[in-house]
Amino acid sequence: MRHLLANIVTYSIALLLFIGAVLFARMRSSQYTLTYQSAVLAAYEPTPGGEFRWRQIGAETYTRNCRSCHSADGRGWDEYPGVEGADSIARTAEGRARLIDIHIHGLATDGSPVPMPGMGHLHDVEVAAVLNHIVEEFGTGGSVETFTPEEVRRRRAGGNDSGPGTHPAK
Amino acid sequence: MDRTISGVFWLLLYSAIVMVPIALMLVPPVPAGRAFWLELGVALGFVGLTQIALQFVLIARFRRVTAPYGIDVVLHYHRQIAIVAVAAILLHPALIIIADPARLRLLNPLGGNWASRFGLLSVLALVATILMSLLRERFRLRYEYWRAAHLGLGVVAIVAAQTHVSLAGLYTNTAWKQAIWIGMAAVMVGLVVMLRVLNPILQRNRAWRVTEVREERGDTWSLSLAPVDHDGLRFAPGQFAWVKIADTPFTIEEHPFSFTSSAERSDVVVFGIKELGDFSSRMSRVAVGATAFLDGPHGAFSMDRYQAPGYVFIAGGVGITPFLSMLKTMADRGDPRPVTLIYADRSWDAVAFRDELDVLRERVRLEITYVLEDPPEGWEGEEGMVTAEVLERSLPRDGYKRMYLLCGPPPMMDAVQSALLERGVPRRHIQLERFALV
């Protein structure tokens, strides 16, 4: 009797584990949770002629998605590269396109043992904001044109010349 | 009823703890959600780690936690759920690599980074632990070596897994989340220290002395121990204890044996030990006066727990030991309830304790049926296995509900249990002792 109950409990707990994991994945992948939702982010879209208020979103997006590898001061650690040089890349049109591509599609190179995961699940507002955050917080100074959600959107939609697998990093 | 309540309480607490990591992962700040399969892989890693951590609680022999179920059931659960947990943990890297095959390079210990290397180390330690346990008997690995390796690899696995989580850091992105996870791993390592260092320190003040080592029939030994400067221990008839025979309680060599003495006596306890290899085959070399240490009593297989107006005990081989304790206790208590004992063994010469059982027949309302696989010439009793026909001939025909207690080799218990169920004995009146603990 005890052993029968024990088996039932074992199978129930095993089931509970997997159901819990599936529910978690479902919530996270649907962006149900306490992270930014598209509706909230859309409110940060710059109105025509208006200013893109990216500072808060940029800092938070960096904390949530980038900091564990690139570290709080942007210098990286262990095998993870720093992101200090981003502002110099962001001064040319190709450089800007490449930065956006790396964020959306990720990056794997022979030079680094750890691939950068694609961040295509981030909202355009988040990608633009975090790029501005990196350029301003960790850059060497000097002015760089602000990244806008519109620029990211154009790159995502029309970037046929450098889709996944063909972007300049490879 | 108390037992049911505490049993349900610990189970609910366990189920809640199992879900804690998932709740914790949803507390902000959280990384933006990613693709379903990738997040599933991450979640499986976390629930798998929590399960592995909880195994340390299960093996720590907390009597309050294990008593409602019996420690044999807890260890049975441990063996099964550990395999489920390792399956979840193996799916974790698999799904993450499928989500982005570029991550394959993380599997190379020379590539990747420290986070992936510790993850790899943890998985290897877990797989080695499981394989060693599943194949221990096939490769005749000595119990003590297996046990030390099992514990050592378990600690390596959880420390490496925790380092992996802390370094990867995606879902442990605040100091307090890091603290909770590191704290959990530290507590689990602490439990091992408790079990292997603190418990022995406490046992040191409760030493026992070997007062008699007697050879019984059928390669079985009776080991008698008397407490040294303490009041001994109280147990319920049918329970067992982990026994160490050594000058120091810090030995890794430790085995579970059933008490065979009366639970009404605390001046001396006796264990019944069958020579099966390893430790038990060295019984003949144990000297009177040697020091011993006990961890117990443990186990839920006792007539005191399953009250009934009468009992049927069905024993196979050394499975007689818990019943011997129950019968002696009944004799000391003047318990008037009737007992039918069906005792199966290889041959008449191998039937351990049959002289003692003869004496007990005078003091307890006891009917004994011996079932011999290989009976001597002129044997008129039952032979072969404990079959439905043997049960038909030997079971009492009284009108009240007896409790059936079974202890013996697993195939025998399974066969007897199905025969009893077929006879219409309700399942809750059948209790089994699965003493293959390890």
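Colleague: What distance separates the centres of domain 2 of chain B and domain 3 of chain B?

Modeller: The two centres, taken over C-alpha atoms, are 24 Å apart. This is a predicted model, in which local features need pLDDT of at least 70 and side-chain atom pairs pLDDT 80 or more, while totals for chains, interfaces and linings use all residues. Residues are numbered from 1 along each chain as written, with chains lettered from A and ligands numbered from 1 in order of writing.

Colleague: What are the bounds of the domains of chain B?

Modeller: Chain B is assigned domain 1 (2-202), domain 2 (208-298) and domain 3 (311-433); such bounds come from an automatic or database assignment.

Colleague: How many residues does each of domains 2 and 3 of chain B bring to their contact?

Modeller: Domain 2 of chain B gives 15 residues and domain 3 of chain B gives 17, contact meaning that C-beta atoms, placed from the backbone, lie within 7 Å. On the domain 2 side, β4 (255-259) and β5 (269-274) of chain B each supply at least two residues. That side of domain 2 of chain B has three nonpolar, eight polar and four charged residues.

Colleague: Which elements of chain B help to form its side towards chain A?

Modeller: In that interface, 51 residues of chain B are in contact with 39 residues of chain A. From chain B, α1 (2-25), α2 (36-58), α4 (71-99) and β12 (430-433) each supply at least two residues. By class, this side of chain B holds 31 nonpolar, twelve polar and eight charged residues. Chain B has eleven helices and twelve strands, which are DSSP runs (H or I, at least four residues, for helices; E, at least two, for strands) numbered from the N terminus.

Colleague: Which residues of α7(A) and α8(A) meet, and why are three of the residues in this contact called charged?

Modeller: A:Asp124, A:Val125, A:Val127 and A:Ala128 in α7(A) meet A:Pro149, A:Glu151, A:Val152 and A:Arg153 in α8(A). The contact has five nonpolar, no polar and three charged residues. Asp, Glu, Lys and Arg count as charged, Ala, Val, Leu, Ile, Met, Phe, Trp, Tyr, Cys and Pro as nonpolar, and the others, Gly among them, as polar. A:Asp124, A:Glu151 and A:Arg153 are therefore charged.

Colleague: What domains make up the division of chain A, and what distance lies between their C-alpha centres?

Modeller: Chain A is divided into domain 1 (1-34) and domain 2 (39-162). The C-alpha centres of these two domains of chain A lie 37 Å apart.

Colleague: What are the spans of chain B along its principal axes?

Modeller: The C-alpha trace of chain B spans about 80 × 50 × 40 Å. Among contacts in chain B between residues at least 6 apart in sequence, 75% join residues at least 24 apart.

Technical notes
Two residues are in contact if their C-beta atoms, placed from the backbone, lie within 7 Å.
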